[in-house]
Amino acid sequence: MNLESGQTTKVTESLPVSFIDTENDRNVSDPMHTPLGWSADSQFVLLRDGWDIWQVPVTGRGSAINLTVDGREKGIRYQARYVLDMEEKGIDLSQPQYLRMYGEWTKKKWCSPPKCQPSWPCSRS
(Lines give C-alpha, C1' and ligand atoms only; values in the text may rest on other atoms or scores of the structure.)
Protein backbone atom coordinates (compact mmCIF):
# COMPACT_ATOMS: atom_id res chain seq x y z
CA MET A 1 0.00 0.00 0.00
CA ASN A 2 1.26 3.43 -0.92
CA LEU A 3 0.68 5.41 2.27
CA GLU A 4 0.62 8.75 0.47
CA SER A 5 -1.98 7.82 -2.15
CA GLY A 6 -3.74 4.94 -0.39
CA GLN A 7 -3.36 2.84 -3.54
CA THR A 8 -2.81 -0.89 -3.03
CA THR A 9 -0.88 -3.14 -5.42
CA LYS A 10 -0.70 -6.94 -5.45
CA VAL A 11 3.04 -7.23 -6.02
CA THR A 12 3.11 -11.05 -6.19
CA GLU A 13 0.07 -11.53 -8.42
CA SER A 14 1.95 -12.36 -11.64
CA LEU A 15 4.63 -14.59 -10.09
CA PRO A 16 4.74 -18.34 -10.84
CA VAL A 17 4.94 -19.27 -7.13
CA SER A 18 2.84 -18.82 -4.03
CA PHE A 19 4.08 -17.18 -0.85
CA ILE A 20 1.37 -18.80 1.29
CA ASP A 21 2.73 -21.16 3.94
CA THR A 22 0.51 -24.21 3.40
CA GLU A 23 2.25 -26.03 6.28
CA ASN A 24 1.30 -23.34 8.81
CA ASP A 25 -1.51 -24.64 11.02
CA ARG A 26 -2.25 -21.44 12.93
CA ASN A 27 -5.74 -20.02 12.78
CA VAL A 28 -4.89 -17.46 10.09
CA SER A 29 -6.34 -17.25 6.61
CA ASP A 30 -3.60 -17.78 3.99
CA PRO A 31 -0.55 -17.13 6.22
CA MET A 32 2.54 -16.17 4.28
CA HIS A 33 6.09 -17.35 4.80
CA THR A 34 7.97 -14.86 6.95
CA PRO A 35 9.42 -12.11 4.71
CA LEU A 36 13.15 -11.42 4.97
CA GLY A 37 12.75 -7.65 4.84
CA TRP A 38 13.11 -4.57 2.68
CA SER A 39 15.99 -3.45 0.51
CA ALA A 40 17.94 -0.48 1.85
CA ASP A 41 16.56 1.71 -0.97
CA SER A 42 12.95 0.61 -0.22
CA GLN A 43 12.48 -0.48 -3.85
CA PHE A 44 12.17 -4.22 -3.12
CA VAL A 45 10.83 -6.62 -0.55
CA LEU A 46 12.51 -10.01 -0.10
CA LEU A 47 9.95 -12.80 0.13
CA ARG A 48 10.17 -16.56 0.61
CA ASP A 49 8.04 -19.11 -1.22
CA GLY A 50 9.08 -21.94 1.10
CA TRP A 51 12.06 -22.81 -1.09
CA ASP A 52 13.65 -19.74 -2.66
CA ILE A 53 14.06 -16.06 -1.87
CA TRP A 54 12.54 -13.58 -4.29
CA GLN A 55 13.37 -9.90 -4.84
CA VAL A 56 9.98 -8.34 -5.57
CA PRO A 57 9.55 -4.72 -6.72
CA VAL A 58 7.20 -2.91 -4.32
CA THR A 59 5.63 -0.85 -7.10
CA GLY A 60 4.31 -3.92 -8.90
CA ARG A 61 6.18 -2.76 -12.00
CA GLY A 62 9.24 -4.63 -13.17
CA SER A 63 10.12 -8.26 -12.76
CA ALA A 64 10.68 -10.20 -9.59
CA ILE A 65 13.96 -12.10 -9.41
CA ASN A 66 14.50 -15.51 -7.83
CA LEU A 67 17.72 -14.67 -5.97
CA THR A 68 18.58 -18.14 -4.70
CA VAL A 69 17.78 -19.86 -8.00
CA ASP A 70 17.79 -23.56 -7.08
CA GLY A 71 15.88 -24.15 -3.83
CA ARG A 72 12.83 -25.89 -5.28
CA GLU A 73 14.89 -27.80 -7.85
CA LYS A 74 17.46 -29.13 -5.37
CA GLY A 75 15.21 -29.51 -2.31
CA ILE A 76 16.92 -26.70 -0.38
CA ARG A 77 14.80 -24.45 1.81
CA TYR A 78 16.32 -20.98 2.14
CA GLN A 79 14.82 -20.19 5.54
CA ALA A 80 16.26 -16.99 6.93
CA ARG A 81 18.86 -14.28 6.49
CA TYR A 82 21.46 -13.66 9.18
CA VAL A 83 21.60 -10.01 10.19
CA LEU A 84 25.23 -9.08 10.84
CA ASP A 85 24.66 -5.36 11.43
CA MET A 86 22.03 -4.93 14.13
CA GLU A 87 21.63 -1.26 13.16
CA GLU A 88 20.98 -1.80 9.44
CA LYS A 89 18.08 0.18 8.03
CA GLY A 90 17.36 -2.23 5.21
CA ILE A 91 19.07 -5.02 3.31
CA ASP A 92 21.99 -3.79 1.24
CA LEU A 93 21.57 -5.99 -1.83
CA SER A 94 25.08 -5.13 -3.06
CA GLN A 95 26.62 -6.93 -0.06
CA PRO A 96 27.05 -10.69 0.44
CA GLN A 97 24.17 -12.27 2.33
CA TYR A 98 24.38 -15.24 4.68
CA LEU A 99 21.39 -17.53 4.76
CA ARG A 100 20.16 -20.39 6.88
CA MET A 101 19.45 -23.33 4.60
CA TYR A 102 17.84 -26.70 5.17
CA GLY A 103 18.05 -29.77 2.93
CA GLU A 104 14.52 -31.13 2.68
CA TRP A 105 15.68 -34.64 1.75
CA THR A 106 19.03 -34.79 3.60
CA LYS A 107 17.72 -33.00 6.73
CA LYS A 108 21.05 -31.16 6.95
CA LYS A 109 21.21 -27.53 8.11
CA TRP A 110 23.91 -25.06 7.19
CA CYS A 111 24.75 -21.41 6.75
CA SER A 112 26.57 -20.25 3.68
CA PRO A 113 26.37 -17.71 0.94
CA PRO A 114 24.40 -19.66 -1.70
CA LYS A 115 24.93 -19.63 -5.44
CA CYS A 116 22.73 -16.76 -6.51
CA GLN A 117 21.69 -14.48 -9.31
CA PRO A 118 24.43 -12.07 -10.51
CA SER A 119 22.44 -9.20 -9.00
CA TRP A 120 23.00 -10.59 -5.49
CA PRO A 121 26.68 -11.11 -4.55
CA CYS A 122 27.27 -14.58 -3.20
CA SER A 123 30.00 -17.16 -3.41
CA ARG A 124 30.08 -18.93 -6.75
CA SER A 125 31.04 -22.37 -5.43
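Good morning. I shall begin with one pair of side chains: glutamate 104 and arginine 77 form a salt bridge, and their closest N and O atoms are 2.6 Å apart. Please bear in mind throughout that this is a predicted model. Glutamate 104 sits in the loop between strand E6 (99-103) and strand E7 (109-112), while arginine 77 belongs to strand E5 (residues 76-81), so this contact ties together parts that are 27 residues apart in sequence.

Is this pair buried or exposed? Glutamate 104 has a relative accessible area of 16%, and arginine 77 has one of 15%. Both residues count as buried, because the cut-off for that class is under 20%.

How many salt bridges does a search of the whole structure find? The number is 4, and I shall describe two further ones.

The next joins arginine 72 to aspartate 49, with a distance of 3.2 Å from N to O. This pair, too, links distant parts of the chain: arginine 72 is in helix H1 (residues 71-74), whereas aspartate 49 is in the loop between strand E2 (44-48) and strand E3 (53-57), and the two are 23 residues apart. Their surroundings may be set side by side. Aspartate 49 is buried, at 6% relative accessibility, whereas arginine 72 is partly exposed, at 45%.

The other pair I wish to mention is glutamate 88 with arginine 81, whose closest N and O atoms are 2.9 Å apart. Here arginine 81 is buried, with a relative accessibility of 13%, and glutamate 88 is partly exposed, with a value of 27%.

I now turn to the surface. Tyr82, Leu84 and Tyr98 make a nonpolar surface patch of about 320 Å². Where does tyrosine 82 lie? It is found in the loop between E5 and E6. Tyrosine 82 has a relative accessible area of 38%, which places it in the partly exposed class. Residues need over 30% relative accessible area to be counted in a patch, so tyrosine 82, at 38%, passes that threshold.

Finally, the pockets. The largest pocket holds about 450 Å³ of space. Its lining comprises 13 residues, and those nearest the centre are Met1, Asn2, Gln7, Val58 and Thr59. What is the character of that lining? It divides into 6 nonpolar residues, 6 polar residues and 1 charged residue.

To return to the opening pair, glutamate 104 and arginine 77 meet in a salt bridge, and both glutamate 104 and arginine 77 are buried. Thank you for your attention.

Technical notes
Residues numbered from 1 in each chain as written. Predicted model: local features only at pLDDT ≥ 70, side-chain atom pairs only at ≥ 80, totals over all residues. Heavy atoms only, no water. Helix = DSSP H or I, 4+ residues; strand = E, 2+ residues; numbered from the N terminus. Buried < 20%, exposed > 50% of the residue type's maximum accessible area, 1.4 Å probe, protein only. 1 Å grid on protein atoms, 1.4 Å probe; cavity = no way out; pocket = protein on both sides within 12 Å on 5 of 7 lines; lining within 4 Å. Points joined across faces, edges and corners; volume = space filled by probe spheres on them. Nonpolar A, V, L, I, M, F, W, Y, C, P; charged D, E, K, R; others polar. Patch = residues over 30% accessible without salt bridge, like charges linked within 9 Å, V, L, I, M, F, W, Y side chains within 5 Å. Areas by Shrake-Rupley, 256 points an atom, 1.4 Å probe, with all protein chains shown as cover.
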